[in-house]
Amino acid sequence: MAMDESLKNELQKAGVFITSVEGLYNWGRKNSIWPLQFGLACCAIEMIAAACARYDQARFGAEVFRPSPRQADLMIVAGTVTKKMAPQVVRLFNQMPEPKYVIAMGACAISGGPFKEGYNVLKGIDRFIPVDVHIPGCPPRPEALLHAIITLQKQIEQDHLTGKHKLRAYDREQQTEWPVPAYGEHDLEPPCNPELWHPAPLVREGVK
Amino acid sequence: MESLEEIKDRIEAAMAGVRLAIEGKSLVVGRQHLLDVVRFLKDDTGLAMDYCSNLCAVDWLPRTIKTRECDRDVQRDVPGHLEVVYDFYSMAKKHGPLQLRCRTEGREGTPSLPSITPLFRGAEFQEREAFDLYGIRFEGHPDLRRILMWDGFKSFPMRKDYRPPDDYEYEPTPHDEVLEKAKQHWPAPASAPVTPSKPA
Amino acid sequence: MIQPLTTTGSGYELMPKEGAIETQTLEVSMGPHHPSTHGVFRMDVVLDGEEVTRLKPVFGYLHRNHEQLAEQMNWLGSIPFTDRLDYFCSMSNNWAYCHAVEQLAGIKVAERAEYIRVIMAELTRLINHSCLAGFLLSDAGAWGTPLLYAFREREKILDLFEAASGARMMCNYMRFGGVRADVDDDWLAAARKVVGNYPAFLDELEALITGNEILLARTQHIGILPRELAINASITGPMLRASGVDYDIRKVDRYGIYDRFDFRVPLGEVGDVYDRYYVRMLEMRESVKILQQALCDIPEGPFDAGVKMRNFKVPAGDGYGRIEAPKGELGFYLVSEGGTRPYRYHVRAPSFINLTILENMCLGHKVADAMVILGSVDIVLGEVDR
């Protein structure tokens, strides 16, 4: 339910804060996102740099890197996901408790990046798990990662607890155990998750 | 360090029945004498090649080499084979490199070569990598299994005739070879294909 | 049957004798997702209580088939990919590749570019070794505080890299015959300032860490690597020198212009984790010396040899070129058929080969020591898996 902004400001000046349960809940969640310590490749170093003294993502609440997926709510997939590593990534994502978010950091996690034409490179982690924020770059600057965390925070602010578009954490039908791919003889089986990965159809002019 | 010719002469003099060839800057050893030659290089006090720096496999497809011999153009058909190149240095004497080559018989299946891991522990992972990516079986290796790809993977990816799996369904900006691969996933063109007329 | 506790003169023996309780070994897979394994590296460890009885490293989780990609690209196009091998030290990787191609093609490097290359490589060595101190201590349990100190200095050096090459990490800066862009006097002044402040930072770090009794207890006489085994297992870099072998490729091959600089090569005595850590601290001081000399002597002149890059072909042949990267000997074996692409491109990665004797070093030690030993090997998965 929308609040009248001017009324809210008036009351705030008088020392009375009005919010909704949703607003309070989302405010708490967005200001203390705990990332999973999950660096794969070069982008991981920029992720560590973003956590260090100069860029300091602790001021956005994302300070505590948890090594265990059971205690984390954000998975920053930083680096190239190879086909050998992909089942492990999906397993870790399954082990994270809801509500959980994924940031695909770097060109490799978005679509394979510079190593795209590789027999062992998975062309984007969104073939298997749902991604909330993509950060382009190779590697993206630490400021770009901070921008992504702020974008995610804005997304979390808009989350709903009830209604048609409610959060996946509260919607039993949407919750699923994302299927873990198996090692095949030449490729992963399945090579992608068809329920999840719907690339936009590309319209080609003058197809021959 | 001595020159390649001098080293070759000394090895051939020290071991009966061993014949080496010199190609460019490397010595070519037959697979049956590889271990003996490597042991000689390691134990020789003058050379003291105690450090195997690099072990690299190369895939040569069957090809025709054109050379000029005695003022005539000569063509030789070289059958396909796999080759392993060794670079040895000496940490004791601080000289090197000495490059050795050893070739397999053909490249079908998993051709074999002797393993130098019993002499040089540093060759262990590099030989496993050559097995994983090229399919060369090293006899005498303590633990020959795949190192970079997963264990159930079939085929040897770095070979020149390897075809990678086809996951080019979604290519926003393809060009060159990637364009050809992506085209196989595009929908059929709107216009009907021209049917050839029947021959008279 | 459980034996009663026994007393032996001065103190209690708190555990029953061997063989009194039936035990089983435990197989643990440490990784590929692990806070201390420097990336996606896995160790299959078989434990008897806390003691390691078998350790098999498993990698390939970051195998991005760099070698196959290089066969499909032209010679110049592989340089950005070499950045991503050892992603901490992109300048050294670029130099190793350019050095190998220049040896094969017979290209002479411009004088000023040689000095710039040495400056960039030694700055990279400073980054790598100080971050190793940070990561090693994080593995030992210092939870990131030394890492914050190391990354603070790293940021200052990355500012220099960004000013010179345009990128913080993936610099793509070296070219065949020189470097991509010149550095001006302002940059040199900034570099002199950073290098001038570095000994004070090293003193601060050493005062906090080197004499620390927890570090001494956790790293001395742990993971000893004997000399002969190190040479036989093709170990290179600070790990080899910590075992007492005097082999530094900057002194042996004298590539570039390293013979013009006065620096020493620190050697260890025991070959344990503490020696490997301390050799790196001493190497940083020697790098500062080289940097001071290079920044003082750098001449004016062209920054590249003017090699035409359009349709650049390397004459047919093959060759192996190597340099002393911060982690060890980084070599490139290239086979050319005279065309615009390499026929075979192989990276001799130091981290890959330095892992050969990880098992030997860890046997008999506890699990916690295995992590510290792995930290001292100083691996980067981009290089191990390529």
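Here are two worked exercises on a predicted model, one on an interface and one on internal space.

Residues are numbered from 1 along each chain as written, with chains lettered from A. Local features need pLDDT of at least 70, side-chain atom pairs need pLDDT 80 or more, totals for interfaces and linings use all residues, and side-chain values use heavy atoms.

**Exercise 1.** Describe the interface of chain A and chain B.

*Solution.*
- Step 1, contacts (heavy atoms within 4.5 Å): 19 residues of chain A meet 25 residues of chain B.
- Step 2, buried area (accessible area, 1.4 Å probe, lost on being put together, summed over both parts): the two chains bury about 2100 Å², 60% of it on carbon and sulfur atoms. On the chain A side, A:Y119, A:H186 and A:R204 lose the most area, together 30% of what that side buries.
- Step 3, salt bridges (a Lys or Arg side-chain nitrogen within 4 Å of an Asp or Glu carboxyl oxygen): the rule finds zero across this interface.

**Exercise 2.** Find the largest cavity and say what lines it.

*Solution.*
- Step 1, count the cavities (sets of points on a 1 Å grid over the protein atoms alone where a 1.4 Å probe fits but cannot get out): there are five of 30 Å³ or more.
- Step 2, take the volume (the space filled by probe spheres set on the points): the largest cavity holds about 80 Å³.
- Step 3, list the lining (residues with an atom within 4 Å of a point): of 15 residues, A:C42, A:C43, A:C108, A:C138 and C:R84 are the closest to the centre.

Note on methods
1 Å grid on protein atoms, 1.4 Å probe; cavity = no way out; pocket = protein on both sides within 12 Å on 5 of 7 lines; lining within 4 Å.
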